[in-house]
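Reader: Hey, I'm new to this one. Can you walk me through it?

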Amino acid sequence: MNEQITTSLQEMSLLTLEKAVICGLLVSPAALPEVTGWLQPVMFKNPDMGFIYSAVYNLYEQGIRPDYLATEAEMRRMDNSRTDQLGGIVMLERMLEQIRHEANVPLYAAEIKRQYLLRRLWSACTETAGKALLVESDPLDLASEAEALLLQLRELGQPQDTRHDMGTLATKAVDMHQEKREKGIESLCVLTGLNEFDALFGGVQNTELFIAGGRPGDGKTAVTLHMAIQAALRGKHTWYYSMEMGNQQMMNRIFAGYAGIKAEHLRTSHLSNEELKRCVPSPKNGKRHPSTSIIHRPTRSRISGPQ
């Protein structure tokens with residue numbers, strides 16, 4: 001049923017959908033928290049509809065219900081002459097007569113956002129293609145620029161609904177603690193190998209971000225690299241990004257720390273046959289170790305570590 005509705009919406013006029021969203025928000029405030037958190041004025045193709053939606057959005061942010069009169073007053077506060085040119089909010093009067101329930105407003109809003117993302121994607125690809133035709137363009141710079149644009153669009157396109165039922169959250173939390181009791185804490189986290197850190201924080205868990213701060217030479221790279229290697233040794237796939245050292249420098253650190261090779265030998269390449277053997281990745285029990293990928297951003301290169 002939802003697929004049929006979505007297909008029908010795609011066949012409708014975008015202006016009709018934009019008017020329907022605004023009218024739905026004016027008719028019932030229940031739809032406001034479902035839409036205003038992720039639908040932005042810039043996503044409206046028709047600038048007049050985007051202007052009216054901005055007024056609705058502003059009122060909601062101020063804790064004021066955006067009804068018919070309040071919205072027109074906010075429009076006049078934002079731009080009185082433009083409001084006069086539109087004839088006020090009366091331009092939506094006919095649509096207001098058709099929209100009497102807010103249930104489908106999120107569906108309309110989602111289609112507006114989808115088409116906005118498609119326009120942005122087309123624009124980004126066209127711009128990149130135009131730059132690629134220029135002789136002086138650098139392909140790696142263009143690739144990075146395109147990658148950044150696509151990542152931005154991907155993040156913008158992610159579901160934005162942050163509303164959660166308290167009962168559902170409580171059930172999930174209880175299930176998590178039950179799993180922790182049955183399988184141990186390591187089933188829900190990544191242990192870093194730093195005993196005091198793991199004892200204090202319970203390792204690194206999903207959705208958490210840890211930032212290692214310190215002055216140059218304090219050992220941030222050594223500590224974080226140790227955490228990455230320990231995670232890999234525990235069966236976790238890890239990525240380590242560095243803007244400080246090259247790939248070979250990073251691998252030499254790993255060899256020195258985990259293969260027991262003297263740093264001066266690595267620096268001068270005076271490795272014995274035994275030391276070389278300790279540096280060669282080898283299978284464990286017929287299976288490959290989870291890979292630890294090291295990416296040194298300035299050179300755009302990547303190597304796979306212990307396997």
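Author: Sure. One term to start with: a nonpolar core is a set of buried Ala, Val, Leu, Ile, Met, Phe, Trp, Tyr and Cys residues joined through side-chain atoms within 4.5 Å. Keep in mind too that this is a predicted model.

Reader: Okay, so which residues touch the most other members in the largest nonpolar core?

Author: Those are Val21, Ile22, Leu25, Leu39 and Phe44, out of 34 residues in that core. At least two residues of the core come from each of α2 (14-27), α3 (32-35), α4 (47-61), α8 (105-132) and α9 (139-156).

Reader: And where does the largest share come from?

Author: From α2, which puts in eight residues.

Reader: What is Ile22 in contact with, if we skip its neighbours within four places in sequence?

Author: Ile22 is in contact with Phe44, Met49, Ile52, Tyr53, Val56 and Leu92. There's also another core lying apart from the largest one, with 13 residues, including Leu225, Ile229, Met245 and Met251.

Reader: Why would residues like that end up together?

Author: As a general thing, nonpolar side chains in soluble globular proteins tend to be buried together.

Reader: Back to α2. Why call it largely enclosed?

Author: Because ten of its 14 residues are buried, α2 is largely enclosed by the rest of the structure. The buried ones are Leu14, Leu17, Glu18, Ala20, Val21, Ile22, Cys23, Gly24, Leu25 and Leu26.

Reader: How far apart are the end C-alpha atoms of α2?

Author: They're 20 Å apart, which agrees with the 20 Å that its 14 residues should span at 1.5 Å a residue.

Reader: Let's do α4. Which of its residues are buried?

Author: Met49, Gly50, Phe51, Ile52, Tyr53, Ser54, Ala55, Val56 and Leu59. What the buried residues of α4 pack against is α2, α3, α5 (68-78) and α6 (80-86). The helix has 15 residues, and from first C-alpha to last α4 reaches 21 Å, close to the 21 Å expected at 1.5 Å a residue.

Reader: Val56 came up a moment ago. Is it buried or exposed?

Author: Buried: its relative accessible area is 0%, and the cut-off for buried is under 20%. Leaving out residues up to four places away in sequence, Val56 touches Ile22, Leu25, Leu26, Leu32, Pro66 and Thr71.

Reader: How far is Val56 from Glu72 in space?

Author: It's 9.1 Å, C-alpha to C-alpha, and the two are 16 residues apart in sequence.

Reader: What about Glu74, buried or exposed?

Author: Glu74 counts as buried, at 6% relative accessibility. Glu74 lies in helix α5. Not counting residues up to four places away in sequence, Glu74 touches Ala55, Asn58, Leu59 and Gln62.

Reader: And α8, how many residues has it got?

Author: α8 has 28 residues, and its reach of 41 Å from first C-alpha to last is close to the 40 Å expected at 1.5 Å a residue. Its buried residues include Val105, Pro106, Tyr108, Glu111, Lys113 and Ala124.

Reader: Changing topic: what volume does the largest pocket have?

Author: About 930 Å³. The pocket is lined by 32 residues, and the closest to its centre are Phe210, Thr224, Met227, Ala228 and Tyr240.

Reader: Which element gives the most to that lining?

Author: That's α12, with seven residues. At least two residues each come from α12 (220-233) and β3 (238-242).

Reader: How does the lining divide into nonpolar, polar and charged?

Author: There are 18 nonpolar residues, eight polar and six charged.

Reader: What does Leu194 touch, not counting residues up to four places away in sequence?

Author: Leu194 touches Val223, His226 and Met227. In space, Leu194 and Met227 are 7.5 Å apart, C-alpha to C-alpha, though 33 residues separate them in sequence. Leu194 sits in the loop between β1 (189-190) and α11 (195-201), and with a relative accessible area of 27% Leu194 is partly exposed.

Reader: Last one: how many helices and strands does the chain have?

Author: It comes to 15 helices and five strands. Of the chain's 307 residues, 31% count as buried. Among contacts between residues at least 6 apart in sequence, 63% join residues at least 24 apart.

Note on methods: Residues numbered from 1 in each chain as written. Predicted model: local features only at pLDDT ≥ 70, side-chain atom pairs only at ≥ 80, totals over all residues. Heavy atoms only, no water. Buried < 20%, exposed > 50% of the residue type's maximum accessible area, 1.4 Å probe, protein only. Helix = DSSP H or I, 4+ residues; strand = E, 2+ residues; numbered from the N terminus. Contact = heavy atoms within 4.5 Å. 1 Å grid on protein atoms, 1.4 Å probe; cavity = no way out; pocket = protein on both sides within 12 Å on 5 of 7 lines; lining within 4 Å. Points joined across faces, edges and corners; volume = space filled by probe spheres on them. Nonpolar A, V, L, I, M, F, W, Y, C, P; charged D, E, K, R; others polar. Expected span 1.5 Å × (residues − 1).
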